[in-house]
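Colleague: I should like to go through the reasoning behind several labels attached to this structure. Could you set each value against its criterion as we proceed?

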Amino acid sequence: MPAFAAPRHSPASDPTSVAVTPRKSRLRSDPDAAIGSPLRKSPRLCKEGSPNSSPKIEVIRKCLKSSLNLSESPEKKQLTEDFVEGQNWDPREETQLRAVNETLHVSTAPASVVCRENEQNRILDFCKKCVKEEKAGSLYVCGCPGTGKTLSMEKVKVMLVDWANKEGVQHPDVLSINCTTLANMSEIFSKILGQTHYGKKPSPSTSSLQQLQKLYSQHTPGLKMILVVADELDYLITKDRAVLHDLFMLTTMPFSRCILLGVANAIDLADWFIPKLQSLNCKPMVITFCAYSKDQIINILQERLRALPYTVFQPQALELCARKVAAASGDMRKALAVCRSAIEMLIGESMLSSLDETEDQQRPAANDMMSNIVRINHVAAALSKVYKSPVVDTIISLPQHQQIILCSAVKLFREGKKSTILGELNKYYVDVCKSTMIPPVGILELSSMCRVLDDQGILKLGQSREDKLRRVTLKVDGADIVFALRGVRFFRNCLK
Amino acid sequence: MGGANPAEVAQFIIRSRIADPCFVHSLFSQLPDSNYSKLKYIISSSVTEACNNSVLLLGSRGCGKTAVLELVLEDLHKEHPDMISVVKLNGLLHSDNNCALKEIARQVCMEHQLQFSKMASFDENSKFLLSILRECGLAHKTIVFVLEEFDLFTEGKQRLLYSLLDAMQSVLSQAVVVGVSCRLDADQLLEKRVRSRFSHRKLLFLTSPGEDFQRLAEHILLLPMDSRLPNDFRASFNEKLLNILADEEFKGVVDQLCYSESSVSQLLRFLFCAVCHMDLSSGSLSIQNFKSALPSIQRQPKQEALKDCSVLQLYLLVCMRRLEVKELELCNFNSIMKEYKSIHDSFKTSDYYARNVCLRAFEHLLQRGLVSFQDNRGQGQSAEFRPVKLLISWHELQQGLQSFRSCPPLLHKLMDREG
């Protein structure tokens, strides 16, 4: 491996920083770092790396005020009494900000996994049983993305090895494969074979699968158990479902030593794709990771933030975020992304208020306590940014003739048709143009404007020998277009 | 360049500015709310705080997404030397997983002067990618993956996107994935587990022609303090320019320019054209330059073809149009001649020519591209019997007739009648 410059050690703590860094940070490259502790990146004080490089203050103030669109929340006064305050934090303080961002980043695995203890214990019990009885078995874990499956698998692997060492039982070899990295399907067998035989190369006449089958159909003393964790199992699905079949069948062989844990998104993968196993009565155990509910999301976020000595979020803000994300998908990654986005809104607001302070000193010092907590309006702005579609904004800023094309398309499709040809659209377009005395453009330019709209994903333009015969379909809801164009009186009347 | 005409120097300076995308988009870098500063904040926070991020840049073609990205990367290279390395992939070339991994390996090897082997297998390349991410994470170097034509990467099984975005989830790597696409729904095209790993940050590049164009024009056209330009020339040039830009006529020209396409690249082409038309003897831009630049940007090829037609050819076109209005199934040269004769009979015009002259004119129309055969069948038949169709719309024909130098009024009457 090429050697890079030696990693910098964490700098001596800045004497001017006030806050206490929450946790002792280790260097990732530190060789003495314990295996089980969550590895953290070492912080670097980068003095030039502030987000605001010297701009004009007036311009910032105007732009931030208009863009952030944050109204002065009238509930500021009442909410002070509502929650228990911890120590206050200053979002402008770099080390504090970095610590908060780290705790909320998706890549940071928390020390204890909350809300998944039940599932983890079930998986662990299954593995323990298999190891104790020296029997093979298969387990299938399913659930929507972002529900903590891979995270739990990592924890289970570690816990199993610890338990085996404590009990004095020989712990199994662990093999983790992500099925997206396989060049072809049968590579998974050669990987398993490589793990069991410690370097015995598969002979060219027999495939790895046949060798494994031969190995497992006879008694081999001293063969270690092997725990195979296969992530994203649905990448192994082929038309004849052979690979998936053979993989699960390996665990049913009489002398098999393989514990298989498969992870995927589809709930009924086992039922649809492995019918033979059902008939042989060795269906794999299925554990479903349900999407997170609102309370679970709040729990997890609070657990992460508990490590910080100061309060960052208002409880109602966390609840709003959890409710919205739970209602949409129950995906934890989205919740974390929304929280980080809300913190950025807060930073923007505090930059604005600091500019105000430098400008007029007579203003009484703003309520410092309230301005350093992420409030509901920040979270609401962050949620709208994540869930809003950019279509309406884009239609509003389209050039005039392209808007006329969309308007005529809406009128055309109102009559019940789903798709039409370019020649028809041209007729409607010319009619609309005539009604406003705007000279219409020719068919060539119309077709190139339609192509631009097709590139953006607003229309869909088919292929044809002749330009006039190309099929045109609207990919955007007609109601969105009407909403976007309501600001112009002409379109309002036209689309009534 | 002491003895050269200062107008030439000025033209040279302005043209080189227009051709430099970094200069053009640096106008928007001063605003803290612009996409430039948001993008810079995202990438620089990854460099300073060592966290991973992913962002999608959306906007129509020619609105400056790649230019702003290049500007941000250049500025960050200057601020944090040697801490950022960039890998560029394009959806048109590298949407296949194997191809993309090989390209990533090649670019990384080139940047760090490592040996690159073309024989490396897919497995080796993907292991190389993982170890590169790990090593760069340890060395606190950020890798920026730029994926142009992001929507083309979403075809097929999306393995590359999955592996890149999955690497963003791990604590060992330090990288930023920037996707550039013109499809507004690019993130809806992602598979659900890839979408879950994407951080849903989208930066929309919208162009609003009005105020933006004013600022852009001032930014580019106002001459800077330059040793090659005499001061008084510069001051008078700038003053005249500001007068033009505030003029109502100029605003009308800009409106007409933006009626069908209002991207930044369109505006730049217009300014380039206008500057090229600058009169070097007078030494400054005038409103006439802008007006004459407009038709060269918005060319009307059919109008230009009509201008060169003879009166007989115009008659033939009008006859074809009348036949079209009557919605006759078959329209070929014979039927056109019949219509032509009937017009002559009813209006007693003086423009009546023999059949072979008309046939010659008709063939010229075919070559010019104003009419064409309906289909490719009957290649053996002569041009008289094959069905033909008009390639020019009624409106364009009417416009052409109105601007024709000596159009007989009869034709106007015939055209107006069907309207």
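Modeller: This is a predicted model. I suggest that we begin with Cys115(A), whose sulfur lies 12 Å from the closest cysteine sulfur, that of Cys290(A), too far for a bond.

Colleague: What makes 12 Å too far for a bond in the case of Cys115(A)?

Modeller: A disulfide requires two cysteine sulfur atoms within 2.5 Å. The sulfur of Cys115(A) is 12 Å from that of Cys290(A), its closest cysteine sulfur, and therefore no bond is assigned to this pair. The search of the whole structure finds 0 disulfides over all chains.

Colleague: Which cysteine sulfur is nearest to that of Cys99(B)?

Modeller: The nearest is the sulfur of Cys109(B), 16 Å away, and Cys99(B) is in no disulfide.

Colleague: Why is Cys115(A) called buried, and what is Cys99(B) called?

Modeller: Buried means under 20% relative accessible area, and exposed means over 50%. Cys115(A), at 16%, therefore counts as buried. Cys99(B) has 36% relative accessibility, which lies between the two limits, so Cys99(B) is partly exposed.

Colleague: How do you know that helix 8 of chain B is largely enclosed by the rest of the structure?

Modeller: Helix 8 covers residues 159-169 of chain B, and 9 of its 11 residues are buried, so the helix is described as largely enclosed. Among the buried residues are Leu160(B), Leu161(B), Leu164(B) and Leu165(B). Arg159(B), Tyr162(B) and Gln169(B) are also on that list.

Colleague: Why are helix 13 and helix 14 of chain B called oblique to each other?

Modeller: The axes of helix 13 (residues 264-276) and helix 14 (residues 287-297) of chain B cross at roughly 125° and come within 8 Å. Angles of 65 to 115 degrees would count as roughly perpendicular and those over 145 as roughly antiparallel. The angle of roughly 125° falls in neither class, and the pair is therefore oblique. The crossing of helix 13 of chain B past helix 14 of chain B is right-handed.

Colleague: How is chain B divided into domains?

Modeller: Domain 1 comprises 6-16 + 225-298, domain 2 comprises 31-205, and domain 3 comprises 303-418. The centres of domain 1 and domain 3 of chain B, taken over C-alpha atoms, are 42 Å apart.

Colleague: What does UniProt list for residues 48-173 of chain B?

Modeller: An unreviewed UniProt entry lists them as "domain: Orc1-like AAA ATPase". In the model this span is 51% helix and 17% strand, with its end C-alpha atoms 14 Å apart.

Notes
Residues are numbered from 1 along each chain as its sequence is written. Chains are lettered from A and ligands numbered from 1 in the order in which they are written. This is a predicted model: local features need pLDDT of at least 70, side-chain atom pairs count only at pLDDT 80 or more; totals for chains, interfaces and linings use all residues. Side-chain values use heavy atoms; hydrogens and water are left out. UniProt positions are given in the numbering used here, feature names are shortened, and annotations may be inferred rather than shown by experiment. Helices (H or I, at least four residues) and strands (E, at least two) are DSSP runs, numbered from the N terminus. Domain bounds come from an automatic or database domain assignment. Buried means under 20% relative accessible area, exposed over 50%, partly exposed in between (1.4 Å probe, protein chains only). Axes are lines fitted to C-alpha atoms, for helices over the stretch in contact, and angles run from 0 to 180 degrees between N-to-C directions. Angles under 35 degrees count as roughly parallel, over 145 as roughly antiparallel, 65 to 115 as roughly perpendicular and the rest as oblique. A crossing is left-handed if the near helix is turned anticlockwise from the far one by less than a right angle, and right-handed if clockwise.
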